[in-house]
Amino acid sequence: MATSVRERILEATYVCVARYGMGKTTVEDAARQARMSRATLYRYFPGGKDQLLAETVGWEATRFFQRLAAAVAATPDFATMLEEALIFAHRAIEQHEVLQKVLQTEPERLLPLLTVESDRILAFIQSFLEPLVARERLAEGLTAPRAAQHLARMLLSYTAAQGRWDLADRAQVAQIVRQELLAGILRQP
Amino acid sequence: MPVAVTVPVLELGLGTQEQRIIDAALACIGRWGTAKTTLDDVARQARCSRATVYRLFPGGKEALLDAVARTELARFFGALSRRLATAVTPEDVFVAGMTEAGRRIRDHQGLQFLLAHEPGVILPRLAFARADEVLRHASAFAAPYLERWMAADDARRAAEFATRLTLSYSICPSSEVDLTDEESVRALVRTFVLPALGPSSDPERGPRP
């Protein structure tokens, strides 16, 4: 499968971040890892290291949610899909070695980039959910975009911090989905 | 009907000089952030000497910034508690709490400066593992105001749910929901929060004895 030059650079940067951290990764390192010259790299990322790191965070975040979307593709109904999404996302974040390492050692570098990304992440989750939401019987007066946005925000919230819940416990996740996530969304029978 | 609730924040009881220095530091942060604020700036703003700042905050800038954070949190929850005490329905508790929080977050110059220009200073205190602490603290604070209408555990759960919404719209604002506008928040609460209340709650009924 052909990967674009851009993609190769982002992947190389990601490898460097995993190895050296965000602060210590240089454009030089990324170029060497991608087996290209610094000049080529700057042609694609004229903003240098800052742009490279910001776009690498966005790239990995997008990949994360693509993996999530694939993981829930085969679920039988909407509520089950949401349960699987929460369980998968929670586990994937806990087991994401690069994310966890950077959160431990240089949160001050990662979190501002992730927060800038969060609008785009929200929009991505919302656009994924919208056609699925539209198939459900929604509560009176609620539109599919509005419902999908609310769900996207809540999914992101539980994924980032489980709070009082244990998202490894399927029964608790089912309770979150039925009692909190879908409560205002589905029309009561 | 007033409700007696212990506010789980420090009662600060600070001397006026100390308080003036903390307020001066806060004004400096709102103007140019934490990195560029020096103890000289703070002393000048507070109209006292550098020596006085050091005497009251022997830990220097770090200690002063911690004191600012503690003071601001105490003010935030103090204001929320005054607002929540006047609520007469569960809906009011959510609307008043979320609106007050939304306005205080939006109008806080220091916080907004940090979010815009020094996110690396503020976000590590609010995200991922630290977000769990924020959720725990905020829901422990808000739950007692809801317990008049529902069981303690349902109150905790509902308070955490509302906190999540408040944080989400504060961090990623939306064109459809304005957290600082009471009617907008009321619509949000009616659509998504009230239907999520636990089985023990009955907003139609009067407060529990």
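Of the 189 residues in chain A of this predicted model, 32% are buried. The fold of chain A is built from nine helices and zero strands, so to speak an α-α-α-α-α-α-α-α-α string when read along the sequence. Along the principal axes, the C-alpha atoms of chain A take up a box of roughly 65 × 30 × 30 Å. Looking at contacts in chain A with a separation of 6 or more, 60% come from residues 24 or more positions apart.

As for confidence, the average pLDDT of chain A is 94, and 98% of the residues score at least 70. Within chain A, helix 2 (residues 27-34) has the highest confidence, at 98, while helix 7 has the lowest, at a mean of 92.

Two alanines of chain A make a handy pair to look at. A147(A) sits in helix 8 of chain A, and A171(A) sits in helix 9 of chain A. A147(A) counts as buried because 24 other C-beta atoms lie within 10 Å, where 20 or more are needed. A171(A) has 7 other C-beta atoms within 10 Å and is therefore exposed, the limit for that class being 12 or fewer. Setting aside neighbours within four places in sequence, A147(A) is in contact with V133(A), L138(A), L142(A) and I185(A). Some other parts of the chain are a long way off in space: 35 Å separates the C-alpha atoms of A147(A) and E106(A), which are 41 residues apart along the chain. For A171(A) and K101(A), 70 residues apart in sequence, the C-alpha to C-alpha figure is 30 Å.

Helix 9 of chain A, home to the exposed A171(A), also has buried positions, namely V173(A), I176(A), V177(A), E180(A) and L181(A). Down the axis of helix 9 of chain A, the buried residues fall within an arc of 115 degrees, so they line one face of the helix. The cover over these buried residues comes from both chains: it includes helix 5 (78-94) and helix 8 of chain A, together with helix 9 of chain B.

That brings in the interface. Here 25 residues of chain A are in contact with 24 residues of chain B. On the chain A side, helix 7 (107-134), helix 8 (144-160) and helix 9 (170-181) each supply at least two residues. Helix 7 of chain A gives the most, with nine residues. By class, the side of chain A that touches chain B splits into ten nonpolar, eight polar and seven charged residues. Helix 7 of chain A, then, is both the top contributor to this side and the helix where chain A confidence is lowest, though still at a mean of 92.

Turning to chain B, its secondary structure amounts to ten helices and zero strands, running α-α-α-α-α-α-α-α-α-α from the N terminus on. Buried residues account for 33% of the 209 residues in chain B. Among chain B contacts with a separation of 6 or more, 64% are between residues 24 or more positions apart.

Chain B is divided into two domains, domain 1 (14-68) and domain 2 (86-196), with C-alpha centres 29 Å apart. Six residues of domain 1 of chain B are in contact with seven residues of domain 2 of chain B. The side of domain 1 that touches domain 2 is made up of three nonpolar and three polar residues, with no charged residues.

Finally, the cores. In soluble globular proteins, nonpolar side chains tend to be buried together. The largest nonpolar core in this model has 36 residues, and M98(B), L146(B) and A162(B) have the most contacts inside it. Helix 4 (60-84), helix 5 (90-107), helix 8 (129-146), helix 9 (152-171) and helix 10 (182-193) of chain B each give two or more residues to this core. Beyond its neighbours within four places in sequence, L146(B) is in contact with P90(B), V93(B), A155(B), A158(B) and A159(B). Another core, of 23 residues, lies apart from the largest one and includes L82(A), A85(A), Y158(A) and I176(A). I176(A) also belongs to the buried set of helix 9 of chain A.

Conventions. Residues are numbered from 1 along each chain as its sequence is written. Chains are lettered from A and ligands numbered from 1 in the order in which they are written. This is a predicted model: local features need pLDDT of at least 70, side-chain atom pairs count only at pLDDT 80 or more; totals for chains, interfaces and linings use all residues. Two residues are in contact if their C-beta atoms, placed from the backbone, lie within 7 Å. Helices (H or I, at least four residues) and strands (E, at least two) are DSSP runs, numbered from the N terminus. Ala, Val, Leu, Ile, Met, Phe, Trp, Tyr, Cys and Pro count as nonpolar, Asp, Glu, Lys and Arg as charged, and the others, Gly among them, as polar. A nonpolar core is a set of buried Ala, Val, Leu, Ile, Met, Phe, Trp, Tyr and Cys residues joined through C-beta atoms within 7 Å. pLDDT is the predictor's confidence in each residue, from 0 to 100. Domain bounds come from an automatic or database domain assignment. The arc is that of the directions from the helix axis to the C-beta atoms.
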